[in-house]
Amino acid sequence: MNRFGLFIAVLALASAAAYAQQSEPPQRPQQDPTYEMMRRQAQMSDRQDRERQNDLARGNYKQWTKESMAQLSKLRAHLAEAWQSMGMSPQGARLVADAYDPRLITEIHRSSVRGKSNQEIAQMMQDALKDKQYLKADQLLLDFQQRQLELNAAKTGEDTD
């Protein structure tokens, strides 16, 4: 009986293998040509929409960059004027002002001007200039000017009361 069971098992395996060799691989069902055409058109439309969105984003970025650069140029020109009004030569003022880059401000150590006298702030700016830390000097000048505006606004507010 043992041999008979083994014979049946081998026969079953052999017949399954023979059947598998004779059968063809399953074929993909035929697609409707209209469906395929619509699917391709939808894919092409999606791709074109993505390209338009990317172009629009690049265009907006270019416009924003262009406007930012114009504002940065104006700010640097005002910084150069401020440095000149403090006695710096036009070439030196331009050199120091051109070092200003608002993207790098977060990366430098900023010294606070709060609670400092004008002489202390002037000394801090001179030290930064002496060490050729022009970005730091520019930021100190901007902070000083901002402080002056706040003090003037406070005085004007007190006078009107």
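## Starting inside: Q139

A residue is called buried when its relative accessible area is under 20%. Take Q139 as a way into this predicted model: its relative accessible area is 7%, so Q139 counts as buried. Q139 sits in helix α5. Setting aside residues up to four places away in sequence, Q139 touches Y100, I105 and R110.

## The chain at a glance

What is the chain built from? It has 5 helices and 0 strands, so to speak a plain α-α-α-α-α when you read along the sequence. There are 161 residues, and 19% of them count as buried. About 13,100 Å² of the chain is exposed, with carbon and sulfur atoms supplying 55% of that area.

Now for who touches whom. Look at the contacts between residues at least 6 apart in sequence: 65% of these join residues at least 24 apart.

## How far to trust it

The mean pLDDT of the chain is 78, and 74% of the residues reach 70 or more. Which elements sit at the two ends of the confidence range? Helix α1 (residues 2-22) has the lowest mean pLDDT, at 61, and α3 has the highest, at 93. Where pLDDT is low, the predicted coordinates should not be read in detail.

## Helix α3 and its salt bridge

Let's go to α3, then. The buried residues here are G92, A93, V96 and A97. Looking down the axis of α3, you find those buried residues within an arc of 130°, so they line one face of the helix.

Helix α3 (residues 90-98) also holds both R94 and D98, 4 residues apart, or about one turn of the helix. An α-helix has 3.6 residues a turn, so residues three or four places apart point the same way. The side chains of R94 and D98 meet in a salt bridge, at 3.6 Å from N to O. Are these two residues buried, partly exposed or exposed? D98 is partly exposed, because its relative accessibility is 37%. R94 is partly exposed too, with a relative accessible area of 33%.

## A salt bridge across the sequence

How many salt bridges are there? The count comes to 2. Side chains of opposite charge can pair when their charged atoms come close. Besides the pair in α3, E150 forms a salt bridge with R114, and the closest N and O atoms are 3.3 Å apart. This pair links distant parts of the chain: E150 is in helix α5 (residues 134-160), while R114 is in the loop between α3 and α4, 36 residues apart.

The two partners get their labels from how much of each can be reached. E150 has 34% relative accessibility, so it counts as partly exposed. R114 has 59%, so it counts as exposed.

## Helix α4, one face in and one out

Helix α4 runs over residues 118-130, which makes 13 residues. From first C-alpha to last, α4 reaches 18 Å, close to the 18 Å expected at 1.5 Å a residue. Which residues of α4 are buried? They are I121, M124, M125 and A128. Seen down the axis of α4, these buried residues fall within an arc of 95°, so they line one face of the helix. On the other side of α4, Q119 and K130 are exposed.

M124 is worth a stop. This α4 residue is buried because its relative accessible area is 16%. Leaving out neighbours within four places in sequence, M124 is in contact with S111, S112, K116 and L140. M124 and A137 are 13 residues apart in sequence, and their C-alpha atoms are 7.9 Å apart in space.

## Just past α4

Step off the end of α4 and you meet K132, with a positive phi of about 55°. K132 takes that value although it is not a glycine. The residue is in the loop between α4 and α5. Is K132 buried or exposed? Its relative accessibility is 61%, so K132 counts as exposed.

Note on methods: Residues are numbered from 1 along each chain as its sequence is written. This is a predicted model: local features need pLDDT of at least 70, side-chain atom pairs count only at pLDDT 80 or more; totals for chains, interfaces and linings use all residues. Side-chain values use heavy atoms; hydrogens and water are left out. Helices (H or I, at least four residues) and strands (E, at least two) are DSSP runs, numbered from the N terminus. The expected span of a helix is 1.5 Å times one less than its number of residues. Buried means under 20% relative accessible area, exposed over 50%, partly exposed in between (1.4 Å probe, protein chains only). The arc is that of the directions from the helix axis to the C-beta atoms. Contact means heavy atoms within 4.5 Å. Accessible areas come from the Shrake-Rupley method with a 1.4 Å probe; for residues, only the protein chains shown count as cover. A salt bridge is a side-chain nitrogen of Lys or Arg within 4 Å of a carboxyl oxygen of Asp or Glu. pLDDT is the predictor's confidence in each residue, from 0 to 100.
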